[in-house]
Amino acid sequence: MASTGMPQWMQSIFIFILLAVTIYLMIKQTKEVKELQERIQRKVKRITVIECVDGSKKERPYREGDYIGLKIEGGECGENVGYITAIYGVEPQPSQGKGKSDQGKATP
Amino acid sequence: MATWISAISQLLFLIIFVALFFGANQRLQIYVWTKDIRAKLVILDRMRKDASKRTMDFMVKNKAREPSKLLDKVVNFFVIPPVDIEPTDIIRRLEHLFNLRTRRFREDFKSAMPEADEVTRSKAETAAEITAALDFIYRYVRHLLLTGEKTKNWILIMQLQLVMPQILQIAETYRKALDDFLVGAPIGDAAGPIVAVRLAGYETPWRLVTEDTVAAETTFEGRRIVVVKAKGPESNVGRPGYATYKVIEELVESGRRPNLMITVDAALKLEGEDTGLVAEGVGAAIGDIGPEKIKFERIAAKYEIPLRAVIVKMGMDEAILTMKKEISDALGKAVERVKNIILRETSEGDTVVVIGVGNSMGVGQILLGTAS
């Protein structure tokens, strides 16, 4: 029978590398699942754009019941009338660096 | 001691060598793949349960009667496709079945949520449909996995493992879409209806053409523009093909055959393309399975009306999630593109029909005979 010719110290290193790769893959998979959960529970910031009849354009956070074409009397347009002309969502910035997030930072 | 270790390691290598001949490597590979699929199946299960809970909470909050019974019914509802080896009148049969499905759902939600308004009911209906989609994805992946294991079909398991990231991505998009639909803000697919509203003007009154599709009339540079879209602001795609057919027949009867038809819709971009790219072409821009699209083509061919299309490109996820700013900004360009086509291809006094295809959630209109 032919010998493998692999010395003991080399076998130990081989087993150690195998163990390290397995642990790395396990951590990676757990991280992927965690990231997926985070992505699903994202909070989109929705903005409502109002165009007043005087030509001015105002933006405010989306409120339940807002829809494009809704007539706005008073409020953002003062004494004028306006219409909601756009509603869009802004995705929060993805986490940067190791576990650091820019959520909660002041926005201009 | 060293001799023993050497003997054991040599024996192990021999066993591994022999095992390779009996497919041990494949079995090991299948084991790893199966474990991976099972881990992802747990995520899919969590998503469908979460979606079901969110939908139930929404229905309970809006005083639905027997919400779990209704949700179970929607989740397990099915449509048997019509016979296609005999294609005669297949569109009519397909349309009949899908209209029946829509009507069935609508009536069920109406009787289960009598106190809720139309917008709330449409949100609950869409949420239930998304829950049904997530439930189906989970059940189908589980079916393939168990079939693969039962029949020892490693090719099936391998294929499933390879497409799992894509399946997860689709499920993730649906799960996110559920939250967005419950909020009620316009989604990417609302590009067509928003262009229609902007073209008609915010103060123009609309009339109901069919149960859930509306039309309005306006003028532009001496042309008469008839605009069609799904009724909003509820989650609704309407029946744009049927409504356009009806509107054009009415116009022809009154002696004003349209000179141009333009469909505006959101379209899937190819990977690498920019979101919000506006493009134009020929044909009916609509993503339905056939019954509505064929109506555009039939009416255009019947009266020889040029059928033009303007699309706003976006990804699949962007089409069913809250509208992104890039898409919202592109809608101005789409309106300009429609106006350019009208100016280029028609003359003063002509009639043009513009159809904003897509989901009208979060896109309302002043409806004739109602307060808003």
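**Two chains, two sheets and the contact between them**

I would like to begin with one pair of residues, D180(B) and R46(A), which form a salt bridge whose closest N and O atoms are 2.8 Å apart. Please keep in mind throughout that what we are looking at is a predicted model. That pair is a good place to start, since the count of salt bridges between chain A and chain B is one, while the count of residue pairs in polar contact between these chains, both residues being at pLDDT 80 or more, is eight.

Let us stay with the side of chain A that touches chain B, and ask which element supplies the largest share of it. That element is α1(A), with eight residues, and α1 (8–40) and β4 (81–90) of chain A each supply at least two residues of this side. If we sort the residues of this side by character, we find 13 nonpolar, nine polar and four charged.

Looking at both partners together, 26 residues of chain A are in contact with 36 residues of chain B, and the two chains bury about 2,900 Å² between them, with 59% of that area on carbon and sulfur atoms. Three residues deserve to be picked out here, namely I40(A), Y67(A) and I68(A), which supply 20% of the area that chain A buries against chain B, more than any other three residues.

Now to the sheets, and a reminder for those new to this: strands of a sheet pair through backbone hydrogen bonds, either parallel or antiparallel. In chain A, four strands form an open sheet in the order β2-β1-β4-β3, and the pairing is antiparallel. Its edge strands, each of which pairs on one side only, are β2 (57–61) and β3 (71–73) of chain A, and neighbouring strands of this sheet are turned by 40° against each other on average, if direction is ignored.

Within that sheet, strand β1 of chain A, residues 45–52, pairs with β2(A) in the antiparallel sense over five bridges; there you can find I50(A) opposite K58(A), and E51(A) opposite K57(A). β1(A) and β2(A) form a hairpin with four residues between them, and in its turn G55(A) has a positive phi of about 95°.

Chain B has an open sheet of eight strands, in the order β5-β6-β4-β7-β3-β2-β1-β8, and here the pairing is mixed. The edge strands in this case are β5 (278–282) and β8 (366–367) of chain B, each pairing on one side only. β5(B) pairs with β6 of chain B, residues 307–314, in the antiparallel sense over five bridges, and E280(B) has V310(B) in β6(B) as its bridge partner.

Two helices of chain B should be seen together with this sheet. Helix α11(B), residues 325–345, packs on the sheet, touching β2, β3, β4, β5, β6 and β7 of chain B, and its direction makes about 165° with that of β6(B). Helix α8(B), residues 240–253, lies across β1, β2, β3, β4 and β7 of chain B, running at about 105° to β1(B).

I will finish with two details of the backbone, for which it helps to know that most residues other than glycine have a negative phi, and most peptide bonds are trans. Where in chain B is P233(B) found? P233(B) lies in the loop between β3 and α8 of chain B, and a cis peptide bond, with omega about 5°, joins G232(B) to P233(B). The other detail is D89(B), which has a positive phi of about 50° although it is not a glycine, and whose place is in the loop between α3 (67–75) and α4 (90–112) of chain B.

Note on methods
Residues are numbered from 1 along each chain as its sequence is written. Chains are lettered from A and ligands numbered from 1 in the order in which they are written. This is a predicted model: local features need pLDDT of at least 70, side-chain atom pairs count only at pLDDT 80 or more; totals for chains, interfaces and linings use all residues. Side-chain values use heavy atoms; hydrogens and water are left out. Two strands pair if DSSP finds at least two bridges between them. Contact means heavy atoms within 4.5 Å. Axes are lines fitted to C-alpha atoms, for helices over the stretch in contact, and angles run from 0 to 180 degrees between N-to-C directions. Buried area is the accessible area (1.4 Å probe) that two parts lose on being put together, summed over both. A salt bridge is a side-chain nitrogen of Lys or Arg within 4 Å of a carboxyl oxygen of Asp or Glu. A polar contact is a pair of N or O atoms within 3.5 Å; within protein, one must be able to donate a hydrogen and the other to accept it, and residues adjacent in sequence count only if both atoms are side-chain atoms. Ala, Val, Leu, Ile, Met, Phe, Trp, Tyr, Cys and Pro count as nonpolar, Asp, Glu, Lys and Arg as charged, and the others, Gly among them, as polar.
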